[in-house]
Structures are given as structure tokens and as C-alpha cells.
Amino acid sequence: MKGWKSNINGTHFVVAILMVWLSSCVLVRAQLTPDFYATTCPNLFSIVRREVKRALVNEMRIASALVRLHFHDCFVNGCDGSVLLDGNDGEKSSNANLNSARGFEVVDTIKRALESDCSGVVSCADILAIAARDTVLLSGGPRWRVPLGRRDGRVSNQTEANNRLPSPFLNIDQIIQRFKDVGLDTTDVVALSGAHTIGFARCSTFSQRLFNFSDTGVPDRNMDTEMLADLQRFCPLNGDENKMTALDRNSTDLFDNHYFQNLLNLKGLLLSDQALVSNGSVASTTKPLVENYSKDSKLFFNDFVNSMIKMGNIRVLTGTDGEIRKNCRVVN
């Protein structure tokens, strides 16, 4: 009887060890890793880099568009490539993306090249993550190893995009809350806002600051007077709201910390950007980060990389969830 009990206990021990081992295997499978495609698509990084370089040579402005696509993808349904799906009721038709989001053709080109080299292997969600990294790097920004292994979602939700994506018209508390809603914190808000060191914005996204700000009858006082005069000429009342100007004045295409220096000099273009330092409630939250980044580009680069990796892990699909799309615009 004693030996029988001992045998039972031993069996329980083996089963317990086996269950721990199995659960650890599941955990490892669910984690993203930079080497995910090392054997299944070894030419992945060189193919993406080649196509991104070609796109930037054709139009440097596409750099910010590709970063923005990854950002907008991750904030809605997680990083699952859903922003790429066509459809009248999808994320492409949301307020933040309609007639604004760009870079889809670049993603299409990358996907076709990858399908020719390693068909059915690389997800559209991972293409977005790698392309965003490459555009930052090729614009003068930091290099980092992109965790990979995401799979593509099958649903694109316009309503959720309208409710979740940060907007240039939101106040700072609303923006911070939208980041918190997806698991990001105040450091992520400021670091990721630094992506506005490259790219352009339409007059329609900041013209409310130029003449009758918040129905006060005067322009936004938190804007440099010389910059204000320039923008009033560029975006006059009843003018073309689709005209575009640089987000980072005097440092248009270089990924650097100049954006934060501009904020401290009241030269932030979007209300949501300038609010990082000019709102009274941010003295102990976002403003110190802006001040630190303005003086230390290495600190900004380090925090930006950490925030990009953190954002890239939002609600990812792995394992057998989702799919690997053949065409990034439609589900299989």
C-alpha cells in the first residue's frame, strides 16, 4: 500500500511537471520574437528595406505615412493589419483615416515581393511593423529589432477606429486616456508624439488655432507669432483646407528631437502637440518629458523605441488565431 501511494505521488509530480512544460511552450509560442521568420523567410528584412527605400526615393513624405499606418493599426483591434482592409465600413473610412491615411500601395508592393519569395508566410501586420521601423531608421532615427509573429485579423471596424484613435482636436487628458485604453502610459504619449518630427498636416487639422480659437475671437496665444503669421497666410479663412505644411517646422524630413524644441518655443503645429507643454495641468506629467527629450536625443530615441515595441504588442494575434493574408487588402 505504501509503495502504491508513493507511485501515485510520483505520477502526480510527473503530470505537474508536464503541465508546467506545456504551459511554458504555449507562452513562448504566444510571444513575439525578432527571429520569427529566420528560417521561413530569411530574405524578409532585405526585401522590406529595399521597397521602403524605393518608396522614400519617390516621395520622402511616405515615411511618416508608414509610421502612422502602424500606429493606427495597433490602436484599433490591436496590431492585426486591419487598417489595411478595404471596405466602406472599415478603418480606412474612419474620421482619422479617410482621405488621410496613405502608404497602402507601398505595403501592397512589399507584400507582392514577399509572396514571390516566401508565399503565405509573412503577415501584413508584421509588414507594417517592419516598414515603420525602416522608415524611422532611413529618416535618421534609431534602429531596433522588431518583435515578429503577428497574424492578420479578419475584421476592420470603422466605429471602433472613430472611438479609439487619438485626434488632433482632443485635449491632453483625452489623448492620455486613449493611450491608457490600449495599455500605454504618459511616457508613451510623449515619446510616440515625437514621430511628428517627420510628416505633414492639412490646414484643416490646425486652422482652428489661427483666427478664432475656441470662440475667443483671437488666435491661439500658445503659438509663436512669426509662425502664426506664416500660417495665416498659408491657410487663410475660407482657403483650401487640404493644403499641407510640415509638422516639425524647420526640420521636415529628419527624424530627430527638434520637434520637442519647437514645442518649448510655441511652434507645435497641432493643438494636441502643443498641449504637451502649454496646458497648465501638464507641468508634472508630459512637459518634463518634452524638456528632457529636447535636450537629449539619445533619451528620446531610447524611449521611442521602447514605446514602439510596447505599442506593437497591443492585442496581437499569434499561433493559430487570425490568418496570413495573401493580399493585405482582403481576407483570405
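Me: Before we look at helix 9, what do buried and exposed mean here?
Reply: Keep in mind that this is a predicted model. Buried is under 20% relative accessible area. Exposed, the word we need for the outer side of helix 9, is over 50%.

Me: OK, which residues of helix 9 are exposed on the other side from the buried ones?
Reply: Start with the buried set in helix 9 (residues 225-234), which is Met227, Leu228 and Leu231. Down the helix axis these fall within an arc of 100°, so they line one face of helix 9. Strand 2 (244-246) is part of what covers them. On the other side, the exposed residues are Thr225, Glu226 and Arg233.

Me: Which residue's side-chain oxygen reaches the backbone nitrogen of Thr187 at the start of helix 8?
Reply: Helix 8 covers residues 186-193, so to speak of its start we look at that end of the run. The side-chain oxygen there comes to within 3.2 Å of the Thr187 nitrogen, and it belongs to Asp185.

Me: How many of the residues of helix 8 are buried?
Reply: The buried ones are Asp188, Val189, Val190, Ala191, Leu192 and Ser193. Their cover includes helix 3 (62-75), helix 7 (172-181), helix 12 and helix 13. Helix 8 is mostly covered, then, and the count is 6 of 8.

Me: Are helix 12 and helix 13 perpendicular or oblique to each other?
Reply: Asn292, Tyr293 and Lys295 in helix 12 meet Ser297, Leu299, Phe300 and Asp303 in helix 13. The axes lie 5 Å apart, at an angle of about 120°. Roughly perpendicular runs from 65 to 115 degrees. Helix 12 and helix 13 are therefore oblique.

Key:
Residues numbered from 1 in each chain as written. Predicted model: local features only at pLDDT ≥ 70, side-chain atom pairs only at ≥ 80, totals over all residues. Heavy atoms only, no water. Axes fitted to C-alpha atoms, helices over the stretch in contact; angles between N-to-C directions. Helix = DSSP H or I, 4+ residues; strand = E, 2+ residues; numbered from the N terminus. Parallel < 35°, antiparallel > 145°, perpendicular 65-115°, else oblique. Contact = heavy atoms within 4.5 Å. Buried < 20%, exposed > 50% of the residue type's maximum accessible area, 1.4 Å probe, protein only. Arc of directions from axis to C-beta. Polar contact = N/O pair within 3.5 Å; in protein donor to acceptor, adjacent residues only side chain to side chain.
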